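Here are some notes for anyone opening this one for the first time. Have a look at the picture, then read on.

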Amino acid sequence: SSGVASPLEHMWSLAVEEQFYVLWPLLITLAVTAVRRLPRMARSRPIGSRVTRVVAILCITGIAISVGLLARFYDLNAPERAYMGTDSRAFEPLLGALLACFATSERFRTMVRRYAGSEIVLGLAGLALGVLLLGGGGATGTAPAYYQGGAFAVSAACGLLVLGAASGSVDNPVVRVLGNPLAAWLGRISYGVYLWHWPVIVYVTEARVGLSGITLDGFRVLFTLALAITSYLLGERPIRRGFKARATWIAAPAGLAAGVVAIVLGTTGATAAPGFFGGGPLPATSTTTLAPPQPGNPTHVELVGDSL
């Protein structure tokens with residue numbers, strides 16, 4: 001109905017990820033091919049080390065371009081182009097790829113072993129945690145600061161936090177805090193938490209459940225966790241572990257049948273689209289009857305556009 005947000009609105013981020021998964025392996029292949037064709041003088045290092053260096057350069061270049069595009073495309077009246085654009089959000093998966101380059105670098109691992117228990121690692125992790133708490137508490141999807149470096153700062157803070165936790169010893173306070181069983185458990189179901197949280201927010205409203213304020217928020221959190229746990233146990237974990245041959249013959253047709261049923265039910269009762277959607281001529285006159293102007297409201301304004 002009009003004014004109700006789509007329960008699939010958050011799928012834009014998954015679309016960005018999937019496009020990255022398609023393009024990034026192709027770029028890696030090109031990087032490996034380029035490294036193998038370097039002059040013999042440049043082949044003093046192992047090919048893995050040289051590929052890592054080239055990939056890191058690709059990541060840094062792509063991050064710089066993407067962060068610039070995020071700021072360039074920002075428009076207060078129409079922020080969705082910058083917020084949901086693949087090019088303007090590519091810096092986030094590229095930051096993850098850059099972290100992977102560091103994690104597989106022997107030089108970086110040597111440095112980590114040397115400074116793992118030092119105040120440097122703790123300081124970086126602590127700084128990152130502070131940035132995340134500040135960003136999570138005050139960031140909004142339309143604030144100019146978010147598009148002009150804020151989103152990059154939060155993403156970089158996530159990376160520093162991961163490096164600080166992964167490279168620290170067991171005595172590292174960051175490792176102890178983030179490595180506790182509750183945090184690890186939440187991390188395992190975090191994909192499902194993201195998938196379910198937005199539909200829950202859309203459908204679990206004050207009018208439907210009779211709750212409001214912090215009580216409503218708490219109920220939404222618990223409902224989201226319940227759905228995420230269920231989907232993890234019934235969907236994610238079996239897929240990760242792999243189905244047995246016999247189960248595959250059951251699961252694949254069942255999934256196909258469920259998809260067909262969903263399409264049929266989702267389109268049942270649909271009416272024919274207006275003629276102008278098919279490229280035909282627009283109606284000569286409007287079929288909308290406006291009420292006569294009233295004192296204090298002499299002008300009628302009709303707005304026509306998409307859901308945004």
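The points below go from the overall fold to a few residues worth finding.

1. **Overall fold.** Keep in mind that this is a predicted model. The chain has 14 helices and zero strands, so if you read along the sequence you meet one α after another. Of its 308 residues, 21% are buried. As for contacts between residues at least 6 apart in sequence, 64% of them join residues at least 24 apart.

2. **The core.** The largest nonpolar core has 22 residues, and W24 and V55 are the ones that touch the most other members. Helices α1 (11-36), α2 (47-72), α5 (91-103) and α8 (144-167) each put at least two residues into this core. In general, nonpolar side chains in soluble globular proteins tend to be buried together.

3. **W24 up close.** What does W24 touch once its neighbours within four places in sequence are left aside? The list is V55, L58, C59, L94 and A97. V55 is the other residue singled out above for touching the most core members.

4. **One side of α5.** L94 and A97 turn up again here: along with F91, L95, L98 and C101, they are buried residues of α5. These six cover an arc of only 160° around the axis, which puts them on the same side of α5. That fits a general rule: an α-helix has 3.6 residues a turn, so residues three or four places apart point the same way. The length of α5 checks out too: at 1.5 Å a residue its 13 residues should span 18 Å, and the end C-alpha atoms are 18 Å apart.

5. **Cysteines.** Why does C59 not form a disulfide with C101? The sulfur in C101 is the closest cysteine sulfur to that of C59, but at 4.7 Å it is too far for a bond, since a disulfide needs the sulfur atoms within 2.5 Å. In fact, the structure holds zero disulfides. C59 is buried, with a relative accessible area of 0%, whereas C158 is partly exposed at 35%.

6. **A buried arginine.** R89 sits in helix α4 (residues 86-89). Is R89 buried or exposed? It is buried, with a relative accessible area of 4%. Its side chain makes a polar contact of 3.0 Å with that of E92, and another of 3.0 Å with that of Y146. Not counting residues up to four places away in sequence, R89 touches W12, V16, S66, L70, A82, Y83 and Y146.

Key. Residues numbered from 1 in each chain as written. Predicted model: local features only at pLDDT ≥ 70, side-chain atom pairs only at ≥ 80, totals over all residues. Heavy atoms only, no water. Core = buried A, V, L, I, M, F, W, Y, C linked by side-chain atoms within 4.5 Å. Buried < 20%, exposed > 50% of the residue type's maximum accessible area, 1.4 Å probe, protein only. Helix = DSSP H or I, 4+ residues; strand = E, 2+ residues; numbered from the N terminus. Contact = heavy atoms within 4.5 Å. Expected span 1.5 Å × (residues − 1). Arc of directions from axis to C-beta. Polar contact = N/O pair within 3.5 Å; in protein donor to acceptor, adjacent residues only side chain to side chain.
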